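Colleague: Could you show me how to read ring contacts and empty spaces in a protein model? I am new to this.

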Amino acid sequence: MTPDIDELLGRMSRRDKLDQLQIVWKQDLGEAAALARRGIGALFWPGNAADTNELQRVARGESPHRIPLLIGLDVVHGQRTTFPIPLAQAASFDPEIARRDAEVSAAEARGAGVTWTFSPMIDVSRDPRWGRVAEGFGEDPLVTARFGAAKVHGYQGDDLAAPTSIAATAKHFVGYGAAEGGRDYNTVDMSEQRLRNAYLPPFQAAVEAGAASVMAAFNTLSGVPMHANRRLLRDVLKDEWGFGGVVVGDAEGVVELARHGVAASPSDAIALALRAGVDIEMGGHVLGDDGEPFADADAVDDAVLDEAVRRVLRLKAALGLFEDPFVDAAAEPLAPTADTRAAARTAAERGAVLLSNGGDLLPLAAGTRRILLAGPYATSPDHLGAWVQHFAERAGTLEDAVRAEFPDADVTVLPGAGFTGADPALQQQVVEALPGHDVVVLALGEPSDLSGEAASRSDLRLPGDQEALVHAVADAGVPFVVVLENGRPLDLSGWFGRATAVLEAWHGGLEAPTAIARLLSGAASPGGRLPMAFPRSVGQVPEYDAHERTGRPATIGAQGPLSMTDWQLAGPGNVAEHFTSKYLDLDLGPLLPFGHGLSTTRFELTDLRIETPEIAAAEVLAGARIGVSLTVTNTGERDGDDVLLLFVRDEVASIAPAVRRLAGFERVTLPAGTSRTIRFELDRGSLGFWTNDPAGEHVVEPGAFTVSVSDGTTTLATGLTAR
Ligand code: GLC
C-alpha cells in the first residue's frame with residue numbers, strides 16, 4: 001500500500017531522510033543488505049532477481065520506515081540482448097529503433113529486479129576524440145532529442161509500475177559532450193545561446209517525454225561544476241521546465257566538487273550539491289557505512305532535504321514499489337529470445353551506412369563463390385560496443401555469419417592485420433591469397449574498449465596495421481569492400497578513396513555479424529546516414545554541419561553553404577582562397593558530412609513545396625506551423641530506404657545563424673519504381689532561436705529563410721519569409 005508521502009516524511013528523522021538520498025554499489029550482498037536494513041534509498045543491481053528480492057525484503061520488512069529500494073543499473077543499449085550502440089541507432093534516422101531497444105531492455109531489466117536505468121545518454125557532441133560519442137546520438141540536437149525521447153518512452157512505457165517498465169535517466173546534464181580537447185571529464189565553456197540552442201534541447205525533450213530522472217554531468221560549465229550548478233539544476237530544469245523527478249549525481253560527482261576546487265571538503269560538497277538541486281548522491285557519501293552523516297550534510301535546510309526526499313518517494317510510488325517491490329525470480333529473463341534477437345538485428349541493419357559503393361559492388365553479385373575475408377573483425381567476437389553488461393549474451397563472428405549467408409561460397413579467412421602492433425607478414429599473406437577470389441572483404445575497425453567512458457583518443461585512424469592491409473589490397477588492384485565496426489567517427493582519409501566500397505556497421509551489437517552478412521548479400525539494404533561527420537583529420541575537429549556562419553567562409557567558388565555532394569568536390573583549389581577560414585594543409589569540410597549515406601538503389605526528389613511561403617513571425621512564435629512537402633521516387637531496380645533531411649537557413653538574424661540547421665527528418669521505405677509524398681512541419685523551434693539572455697529568451701525574427709531537403713545525394717531548396 002502506497003503511504004501518504006507527507007505523512008511518511010513527517011515520521012522520518014533527519015538521518016532517515018539523508019539515507020534516502022544516496023545510491024551505493026556493494027559487491028557483497030550482506031553489506032548491501034545491511035544498508036537496506038538501515039534504510040538506504042537506492043542500491044545498484046546485485047546481479048540477479050533473487051538477490052534483488054532479498055534486498056527488497058529487508059528494506060520492506062526491517063528498515064525503520066519499510067521504504068522499498070530503487071535498484072539502479074546502466075542499461076544503455078541492452079541487458080541480455082545487446083542492441084547496436086546508440087550512435088549506430090541514430091544512424092538509422094528511425095527513432096522507433098531506439099524505442100524498441102529501450103522496450104526490450106526494460107522488460108529484461110525489470111524482470112531481473114532493476115527499476116531505474118541511467119540511460120538515455122543525450123549529450124550532443126561534435127568531437128569524435130571523446131569516447132562517449134558511442135553512447136549518444138551524434139552531433140545534432142534534433143536527432144538527439146527525438147532519439148532520447150524515444151528511449152524514455154521505450155523504457156518507461158505508459159505505466160512505471162508495469163512489470164516491463166523502468167525509470168529512465170536523461171544524462172549527463174549538461175554540456176558534457178563539449179569537453180575541451182574531446183578529453184573526458186574536461187572543462188566545458190560556452191555561451192548561453194549555444195547552450196540553449198544545441199545542448200539543452202534534448203534534455204527539455206526528455207523532460208517533456210516524462211523522464212523520471214536526470215543525471216548531473218561531471219564537467220564544469222562556464223566555471224560552475226554541474227553538480228553545484230543551482231541555476232541549471234533548479235532555475236532551469238526544476239523551475240523553468242517544471243521537472244518533478246529526481247536529479248541523481250554521477251558516480252562520485254558530488255564529492256569531486258572538492259577536487260574541482262569549489263568545496264573545501266567532500267562533506268562541504270554534499271551540502272553544496274543538495275542545495276544546488278542534486279537529490280540523490282551516487283557513491284554513498286551522505287551517510288558513511290557506519291550510518292554517520294558527513295558533517296556538512298547537516299548544513300542543509302530541512303525544506304531542501306524534504307523536497308529531495310519527496311521526489312525520491314514519489315518515484316518509488318510511481319514505480320509501484322510500495323505495493324510490490326518483488327519480481328518472480330523463476331521468470332528472470334536470462335537470455336535473448338528469437339524476437340529480441342530479431343529486433344537487435346533489424347536495428348543493426350538499419351543503422352548501417354553505405355559510405356561508398358564503387359561499381360555498385362554491393363550487394364555482392366549473386367554468383368559470388370570465392371570470398372576472401374580478412375582483418376581483425378573477421379574472427380573477433382567483439383561487436384557489442386561500450387557499456388555492455390558482463391553477463392550479456394556474446395555475439396558470434398563475421399566468419400560464421402558470412403559462411404551461413406553464402407552457403408555455396410568458399411570463404412577464405414585470414415587475420416590480415418591487428419588492432420595493435422604491425423606485422424607486414426599478415427598483409428603479405430592476404431596479398432598472396434588474392435588470386436582465385438571473386439571478392440575481398442576487409443573487416444576492420446576499433447575494438448570496443450577504445451570507445452565509451454574514459455576512452456578519448458588523440459588519433460582517430462584505424463588502430464594497429466589495418467591501414468597497411470587496405471593499401472596492400474588496393475595496390476593489388478582487386479575490388480574490395482571495407483566493413484567498419486567502430487564506436488566513433490574515424491579518420492578514414494588515409495585510404496578511403498582506395499576502397500571500392502565502404503560499409504559503416506558500427507559496434508552493431510549481438511546480431512552485428514548476421515546483419516553485416518545480410519547487408520553484403522543484399523538480403524538487407526543499407527539506408528542509414530551519418531549522425532556525426534567524419535573529419536578529414538583529427539586536427540580539423542570540431543567539424544560539424546550546423547556551424548555558425550563566419551565573416552570569411554572558405555568556399556569552392558559557390559556562394560553560401562556547400563551542399564553535401566559539394567563536400568566531395570572540395571579540393572586543393574579551395575585553400576587558394578587566402579584570407580578565409582580553412583587550413584592550409586587540408587581540403588575544405590569533413591571527409592564525410594553529417595547526413596552522408598548512399599543506397600543500393602536510386603532516388604529522385606521532386607516537387608518541394610511550402611504551404612505558407614509567407615507568414616507573420618508573431619504567428620509562428622504563437623504556435624503556427626508551416627507545411628513543407630516533396631515527392632521522393634525510387635527510380636532504381638531495388639527496394640530501398642531513403643532518409644530525407646529538412647534544413648532551415650536563417651538568412652539574417654540578431655545572432656550569427658548556423659549555415660543551416662536540421663529542422664526535421666524522415667526515413668522512407670520505397671519499393672523499386674514507387675513514389676511517396678512526404679510532409680514536414682516547420683514551427684517556432686525550426687525558425688526561432690534562443691538568445692544570450694540567461695533568463696531564456698526564444699525569438700522568431702522577421703526575415704528570409706532558405707528551406708532545403710536533402711537525402712545526402714540530392715538537395716532541393718526554396719524560400720520562406722517571416723514578416
Ligand atoms: C559513470 C558514468 C555514468 C553512469 C554512472 C553509473 O561514471 O559517467 O554515465 O551512469 O557512472 O554507472
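Modeller: Happily; we will go through ring pairs first and then the spaces. This is a predicted model, so local features need pLDDT of at least 70 and side-chain atom pairs count only at pLDDT 80 or more, while totals for chains, interfaces and linings use all residues. Residues are numbered from 1 along each chain as its sequence is written, and side-chain values use heavy atoms, with hydrogens and water left out.

Colleague: How many aromatic pairs are there?

Modeller: Rings of Phe, Tyr and Trp (its six-membered ring) pair if their centres lie within 6.5 Å; planes under 30 degrees apart are stacked, over 60 edge-to-face, and the rest tilted. By this rule there are 16 aromatic pairs.

Colleague: Why is the pair of Trp-116 and Phe-118 called edge-to-face?

Modeller: Because the planes of Trp-116 and Phe-118 stand at 70°, with the ring centres 4.9 Å apart. Another edge-to-face pair is Trp-130 with Tyr-176, at 4.8 Å centre to centre and 70° between the planes.

Colleague: Are Trp-130 and Tyr-176 buried or exposed?

Modeller: Buried means under 20% relative accessible area, exposed over 50%, and partly exposed in between (1.4 Å probe, protein chains only). Trp-130 and Tyr-176 are both buried. Trp-116 is buried too, at 0% relative accessibility, and Phe-118 has a relative accessible area of 0%.

Colleague: Which rings form a cluster?

Modeller: Phe-93, Phe-137, Phe-147, Phe-594 and Phe-665 are linked into one by ring pairs.

Colleague: Now, how do I read the empty spaces?

Modeller: Rolling a probe the size of a water molecule over the atoms shows where empty space is left. On a 1 Å grid over the protein atoms alone, a cavity is a set of points where a 1.4 Å probe fits but cannot get out; a pocket is an open set with protein on both sides within 12 Å along at least five of seven lines, and lining residues have an atom within 4 Å of a point. Points are joined across faces, edges and corners, and a volume is the space filled by probe spheres set on the points.

Colleague: What is the volume of the largest pocket?

Modeller: About 900 Å³. Its lining has 32 residues, with Leu-142, Pro-201, Asp-683, Gly-685 and Ser-686 closest to the centre.

Colleague: And how many cavities of 30 Å³ or more are found?

Modeller: Four, in a search of the whole structure. The largest cavity holds about 350 Å³ of space, and Gln-193, Asn-197, Pro-657, Ala-658 and Arg-661 lie nearest its centre, among 24 lining residues. The second largest cavity has about 80 Å³ of space.
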